[in-house]
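Trainee: Could you take me closely through a single part of this model, and then follow what it leads to in the rest of the chain? I would like one connected account rather than a list.

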Amino acid sequence: MPITPYLSRTRIAYFTMEIALRAEMHTYAGGLGVLAGDTARSAADLALPVVFVSLVSRAGYFRQTIDAEGRQQEQPDWWSPEDWCQPLEAMVAVTIERRRVWVRPWLYVQASAESGHSVPVLLLDTDLDQNSDEDRRITHDLYGGDAGYRLKQEAVLGIGGVRLLHALGFDIRTYHLNEGHAALLALELLARTRPPAEDENPQPPCDVAAVRERCAFTTHTPVEAAQDRFDHGLFEHLLPDLATPQDLRALAGDEGVNMTRLALALAGWVNGVSVRHARTTQQRYPGRHIHAITNGVHVGTWTHPAFAALYQAHWPHWRFEPELLARAGQLPDEALWRCHLAAKGELIDRVRRVGGRSLDPELPIVVIARRMTGYKRPLLLFSDPQRLAAIAREHPFQLIVAGKAHPHDDSGKEAIRALHRQLQELPPGVQALFLPNHDLDLAKALVCGADIWLNTPLPPMEASGTSGMKAALNGVLNVSVLDGWWLEACQHGVNGWAIGGDGDGRPPGEGDADALYRLLGEEVLPAYANDRSRWRAMMKEGLRSIASYFNSQRMMRRYASEVYLR
């Protein structure tokens, strides 16, 4: 069996609702899945004994198109697991609505060219002949359907995942929950600690301490309103035998089964994904100690080939040891700029092919690319169109926008429509366009080919963010609100720029539009146009101070030493 070589050495299981393994496999929606994919790649590089568990999501998240009025249209984004994965023979059942739903895994092997090692990824599938048509669809649409559909998916992931690992012969010591979607695995482990019932004690207690010893939880959501929460009635209807109503309320809250609270209750280690996010989470849950392990990105995946060749010529082991990029000051300015022009040229070519627009390689390209939702504030740049137009007349620039709104996020969809209108109303001197269907391929083109990476979240809502880290790998300069990872990385005017301040007593976000306009008009765009030597120095400083630290090799070494070996 192809899984056999991994059974004796794998001791850690990483559970995630989504995972971005390659562009052709539509098992991801956005940043959470991209992070999980980078985690798997670094685990393979470092030969860590980890198995990854996720859903097969045959219909993907969705394929985005934009109509003439700027309305987002969503279509299924089907892919074929047999093109990239091997089916495994093991099959387990999860009881949902008092009927058996059968689950089978597909095996994808994430290999490392750096170390020669690999890690297994199990993608769980219910599209089986043994299941009803309704149950076959559970693993079709990532984050699709209603609350009942989502809870079924999370049952397949958490309960089915634990059972499949056991059926395949894995001996797992640590379960790592990547967000609250995987929290039901802890309830499954808890149920396994319950001793046999006796007449005088028909409901013997479970061993919560034993489960906490085996579970680690990484939370990515700083706002409780965005956390998965299921009505107690729905939970008891779909999963009546998983836990008693009393236990559920004690562990997950009286107002609904909150999956973040459930994971917090049953995990012995909890961490946020940046220093500020850990602090924010700690304030919300003062009874738990929240550690901080700031996210990172996989340097070998997100570096443009021209930059990769340059780094390879100077530091042959840079992919395995990204800290070598701290020596970026040694790179010749001319070589660095040639690499940037190569990456920028490819982005311009892509825009010509996909968007039908011709961008000027001499003018800076500003990119806004992220999930379209309220706290990301995608419209902040357009708060004062006349002022933006005045800046563009004095310092011409080009703008690319990309990002998806969740199908149920009406405000996010409206933001896309508003962006569509704003982009059409910009003055003739500004080339601006929206590129639809922001996927792995487009994301890499954007982080490699931009000049300026613009990020405007409302603090403290950005748990971490990673796109700016990818941009810095390619010499792209960040202009961002001080939140998430940028609060740790930013050296204003040295390796990028901060929009506004932090901790100055003003309400979060107040004055950010004015600060952004002043920054673009007085510092960022004039530096690009008139002080190219400073710009190149800042590119090098970004590599030195950002790329050398904010990478997934460093992140996974910390998880290995602080979590997996605890």
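Mentor: Let us begin with Ala 47, which sits in the loop between H2 and strand E2 (50-55). This is a predicted model, and the geometry below should be read with that in mind. The phi of Ala 47 is near 55°, a positive value in a residue that is not glycine. Most residues other than glycine have a negative phi, and most peptide bonds are trans. Ala 47 has a relative accessibility of 36% and therefore counts as partly exposed.

The helix that Ala 47 follows is H2, whose 15 residues reach 21 Å from the first C-alpha to the last, close to the 21 Å expected at 1.5 Å a residue. Of the 15 residues of H2, 14 are buried, so the helix is largely enclosed by the rest of the structure.

H2 also takes part in an open feature, the second largest pocket, whose volume is about 410 Å³. The elements that give two or more residues to the lining of this pocket are helix H2 (31-45), strand E7 (99-111), helix H11 (299-302) and helix H16 (440-449). The lining holds 20 residues, and those nearest the centre of the pocket are Leu 21, Arg 41, His 298, Gly 300 and Thr 301. By class, the lining of the second largest pocket divides into 7 nonpolar, 5 polar and 8 charged residues.

A second positive phi outside glycine belongs to Arg 377, at about 50°. Arg 377 lies in the loop between strand E15 (365-369) and helix H14 (385-394). Whereas Ala 47 is partly exposed, Arg 377 has a relative accessibility of 14% and so counts as buried.

Arg 377 leads on to Pro 459, for the two are in contact. Pro 459 is found in the loop between strand E18 (452-455) and helix H17 (467-473), and Pro 460 lies in that loop between E18 and H17 as well. The peptide bond that runs from Pro 459 to Pro 460 is cis, with omega near -5°. Pro 459 has a relative accessibility of 14% and therefore counts as buried. Setting aside neighbours within four places in sequence, the contacts of Pro 459 are Arg 276, Arg 377, Val 481, Asp 483, Pro 508 and Gly 509. With Asp 483, which is 24 residues away along the chain, the C-alpha to C-alpha separation is 5.7 Å.

Another of those contacts, Arg 276, is among the buried residues of helix H10 (residues 275-284), together with His 277, Ala 278, Thr 280 and Thr 281. The cover over the buried residues of H10 includes strand E13 (269-272), strand E14 (291-292) and helix H18 (486-489).

Helix H15 (residues 410-425) can be read in a similar way: its 16 residues reach 23 Å from first C-alpha to last, close to the 22 Å expected at 1.5 Å a residue. The buried residues in H15 are Gly 412, Ala 415, Ile 416, Ala 418, Leu 419, His 420 and Leu 423. An α-helix has 3.6 residues a turn, so residues three or four places apart point the same way. What covers the buried residues of H15 includes strand E3 (63-66), strand E4 (72-75), strand E16 (398-402) and strand E17 (431-435).

The enclosed spaces come next, and the structure holds 3 cavities of 30 Å³ or more. The largest has a volume of about 70 Å³, and its lining consists of His 26, Tyr 28, Ala 29, Tyr 61, Phe 62, Asp 77, Lys 404, His 438 and Asp 439. By class, that lining has 4 nonpolar, 2 polar and 3 charged residues. The second largest cavity holds about 60 Å³ of space, and the residues lining this second cavity include Leu 187, Arg 194, Cys 206 and Asp 247. Helix H5 (184-192) and helix H8 (245-252) are the elements that give two or more residues to the lining of the second largest cavity, and H5 gives the most, with 3 residues. Here the lining has 7 nonpolar, no polar and 2 charged residues.

Cys 206, one of the residues lining the second largest cavity, brings us to the cysteines. A search of the whole structure finds 0 disulfides. Cys 215 is in no disulfide, and the nearest cysteine sulfur, that of Cys 206, is 13 Å away. Cys 215 is buried, with a relative accessible area of 1%. The sulfur of Cys 448 is 11 Å from the closest cysteine sulfur, in Cys 339, and that is too far for a bond. Cys 448 is likewise buried, with a relative accessible area of 3%.

Conventions:
Residues are numbered from 1 along each chain as its sequence is written. This is a predicted model: local features need pLDDT of at least 70, side-chain atom pairs count only at pLDDT 80 or more; totals for chains, interfaces and linings use all residues. Side-chain values use heavy atoms; hydrogens and water are left out. Helices (H or I, at least four residues) and strands (E, at least two) are DSSP runs, numbered from the N terminus. The expected span of a helix is 1.5 Å times one less than its number of residues. Buried means under 20% relative accessible area, exposed over 50%, partly exposed in between (1.4 Å probe, protein chains only). Contact means heavy atoms within 4.5 Å. On a 1 Å grid over the protein atoms alone, a cavity is a set of points where a 1.4 Å probe fits but cannot get out, and a pocket is an open set with protein on both sides within 12 Å along at least five of seven lines; lining residues have an atom within 4 Å of a point. Grid points are joined across faces, edges and corners, and a volume is the space filled by probe spheres set on the points. Ala, Val, Leu, Ile, Met, Phe, Trp, Tyr, Cys and Pro count as nonpolar, Asp, Glu, Lys and Arg as charged, and the others, Gly among them, as polar. A disulfide is a pair of cysteine sulfur atoms within 2.5 Å.
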